[in-house]
Amino acid sequence: MTQPVPTKRQQQAAATQEQLLCAARAVFGDRGYQATTVGAITSRANTAHGTFYLYFKNKQDAFAAVMAGITDEVYREAERGAIEPEPRAAIRESIRRFLEAFVEHRRLWRCLIEGAFTNPEVEVVWLAIRGRFVDRIERDLEALGTPLDAGLAANALGGMVEWAAITQFVLEAPEVAGRTTEETVAVLTELWCGAVFSAALPTR
């Protein structure tokens, strides 16, 4: 079915919204969640203050839109890595793609942590998008025939990768300072595979 061609007015509106989103992404990354204001966003976007409210209810709404796009990209990259036919290779590639996308947006991820614990709207956005990521891990674990509770295992394994990335690349914990993304991928892959595949072994 042919999609209707957007009118010039619709095209201009879409362009303005994208301009505001790009500005919001930059300002949140530079200033953090709490210090960002609507005025700073509209100034960066070179738009009138009132124009912002044609597209977003408030700062929280704009931040939710920014992070929906960023987290969707990060988790989508992880999903793309999972197409490798061999399970260990699929796990490694999925983790690598997740970390590479995460590192690219690490300043905004700091904002997400800050925002999720201070604003219910941001928390809902994060959990909804993360839920898709965890659901995919759960399906993969079920396909591998894990004897574990696949839902709990998926949440734990996904959380391991997320918080390893947060502590290393956002909080810059001193105990992992200077470690490369590739080193982190290697360790997380071994931990993940050890957890998944050893669970299938009979206990003595």
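**Loop residues, helix α7 and cysteines of an all-helical predicted model**

N46 lies in the loop that connects α2 (38-45) with α3 (49-52), helices being DSSP runs of H or I of at least four residues, numbered from the N terminus. The structure is a predicted model, in which local features need pLDDT of at least 70 and side-chain atom pairs count only at pLDDT 80 or more, whereas totals for chains, interfaces and linings use all residues. Residues are numbered from 1 along each chain as its sequence is written, and side-chain values use heavy atoms, with hydrogens and water left out.

Most residues other than glycine have a negative phi. N46, although not a glycine, has a positive phi of about 60°. With a relative accessible area of 70%, N46 is exposed; the term denotes over 50% relative accessible area, buried denotes under 20%, and partly exposed covers values in between (1.4 Å probe, protein chains only). A second non-glycine residue with a positive phi is E172, at a value near 55°. E172 is located in the loop between α8 (150-170) and α9 (181-198) and is likewise exposed, its relative accessible area being 57%.

The protein contains 9 helices and 0 strands (strands being DSSP runs of E of at least two residues). Among the helices, α7 spans residues 120-143 and comprises 24 residues. The distance from its first C-alpha to its last is 34 Å, close to the 34 Å expected at 1.5 Å a residue, where the expected span is 1.5 Å times one less than the number of residues. Buried positions in α7 include V122, V125, W126, I129 and F133, and also the arginines R130 and R136. After α7 comes G145, with a positive phi near 75°.

No disulfide is present, the count being 0 (a disulfide is a pair of cysteine sulfur atoms within 2.5 Å). For C111, the nearest cysteine sulfur is that of C22, 16 Å away. C111 counts as buried because its relative accessibility is 1%; C193 also counts as buried, at 2%.

Over the whole protein, 42% of the 204 residues count as buried. The C-alpha atoms fill a box of roughly 70 × 50 × 30 Å along the principal axes. Of the contacts (heavy atoms within 4.5 Å) between residues at least 6 apart in sequence, 68% join residues at least 24 apart. The accessible surface, from the Shrake-Rupley method with a 1.4 Å probe, comes to about 11300 Å², and carbon and sulfur atoms account for 55% of it.
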